[in-house]
Amino acid sequence: MTTRRTLRPDDAHRPARTALRIFVCLLVSALLAACASTTVVRTPPRGKPPATRQVPPPKPGSTALVRKGDTLYRIATTHGLSPLDLAMWNRIPPPYTIYPGRRLRLTPPDARRTDSRPNEPPPVAGTPTKPPATRPPTGTPPTPPPRTPPPVTTPTRPPTQPPPPPANAAFAWRWPADGAIVGRFAAGDPTRQGVDIAGKSGAPVRAAADGVVVYSGAGLVGYGELIIIKHDEQWLSAYGHNRARLVNEGQRVKAGDQIAEMGRSGASRDMLHFEIRYNGKPQDPLLALPKR
């Protein structure tokens, strides 16, 4: 006797459900494989700045061609330079505008490329480099000259002497602001070309010596509201990160006159960034300012 099996409603959908489960499993496996091959980018913990790439200093005589969209600040930071240095080396006047097609020097004007080989004078035209050979008499065998080893010469480099220190200014410097020193000068570091003097917002910023204001503006990125005073043909002083500028270009000021209010434009705190330059080269202000 044959038993007849009763078909339940779920039996009709069982093949479709099995196929759906297989498809879901394959999809999950593919997603897991994709996640395993994905590169995970880890962000640095909050409060710790990302590591910066050290830029080697340009070689003597290096230049950069200004292209469309370039700024003085971009070219300077790309080559690890101070924007103010780059402007002075290339005699770019305020407001420090550059144009495509111009080639900017990336080293001071007096930087020279040195050659490790000693200088040799060129031969004079018409002068033989070797003495003419003399023919011996007929029938007499020539006598070979005595063999002597050639003299050994060691090329010597000309002694490199450090540049002489700048002459003392013909005037007396005075402190441009009151406050503690929170940043010191470091030769060769484009971010530490002067000293940083901490203070309160709005505190007076004074001229460090008599002179004429040659720049008053915010066109040089990295210095905020900046004032530059020319004291004579060799000496300049710069005052950055001000909250307000109180003098105009061409204005003559006396030592101690208030020229600005301290602020944090272009800085992370209220302070004055003060620089002294001799023939365009930054000098350590603490060597020129009077002892406190």
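**Group meeting talk: aromatic residues and two buried strand positions**

Let's start with Trp 235. At 7% relative accessibility, Trp 235 counts as buried, because the cut-off for buried is under 20%. Keep in mind that this is a predicted model.

Now the aromatic rings. How many aromatic pairs does the structure hold? Five. Take Trp 173 and Trp 235 as one of them. Their rings sit edge-to-face. The centres are 5.8 Å apart, and the planes meet at 70°. This pair links distant parts of the chain. Trp 173 is in the loop between strand 2 (103-105) and strand 3 (181-183). Trp 235 is in strand 8. In sequence, the two are 62 residues apart. Are these two tryptophans buried or exposed? Both Trp 173 and Trp 235 are buried.

Trp 235 has another partner, Tyr 278. That pair is tilted, with 55° between the planes and 4.8 Å from centre to centre. Trp 235 lies in strand 8 and Tyr 278 in strand 11, residues 271-278, so the pair ties together parts that are 43 residues apart in sequence. Now add Phe 171. Phe 171, Trp 173, Trp 235 and Tyr 278 make up one aromatic cluster.

One more ring before we move on. What lies over the face of Trp 175? Arg 292 does, at 3.7 Å from the ring centre.

Back to strand 8, which spans residues 235-245 and also holds His 241. His 241 is buried too, at 6% relative accessibility. Look at its side chain. A polar atom there lies 2.7 Å from the backbone oxygen of Ser 265. Ser 265 is also on the list of contacts for His 241, once neighbours within four places in sequence are left aside. That list includes Gly 222, Tyr 223, Gly 224 and Glu 225. Met 262, Gly 263 and Arg 264 are among the others, and so are Met 271 and His 273.

Last stop, Ile 228. Where is Ile 228 found? In strand 7, residues 225-230. Ile 228 is buried, with a relative accessible area of 3%. Again leave aside neighbours within four places in sequence. Ile 228 then contacts Leu 236, Ser 237 and Ala 238, among others. Val 212, Val 213, Val 214 and Tyr 215 are also among its contacts. So are Leu 84 and Tyr 96. Then there is Gly 211. Ile 228 and Gly 211 are 17 residues apart in sequence. In space, C-alpha to C-alpha, they are 9.7 Å apart.

Terms used:
Residues are numbered from 1 along each chain as its sequence is written. This is a predicted model: local features need pLDDT of at least 70, side-chain atom pairs count only at pLDDT 80 or more; totals for chains, interfaces and linings use all residues. Side-chain values use heavy atoms; hydrogens and water are left out. Helices (H or I, at least four residues) and strands (E, at least two) are DSSP runs, numbered from the N terminus. Buried means under 20% relative accessible area, exposed over 50%, partly exposed in between (1.4 Å probe, protein chains only). Contact means heavy atoms within 4.5 Å. A polar contact is a pair of N or O atoms within 3.5 Å; within protein, one must be able to donate a hydrogen and the other to accept it, and residues adjacent in sequence count only if both atoms are side-chain atoms. Rings of Phe, Tyr and Trp (its six-membered ring) pair if their centres lie within 6.5 Å; planes under 30 degrees apart count as stacked, over 60 as edge-to-face and the rest as tilted. A charge sits over a ring if NZ of Lys or CZ of Arg is within 6 Å of the ring centre and within 35 degrees of the ring normal.
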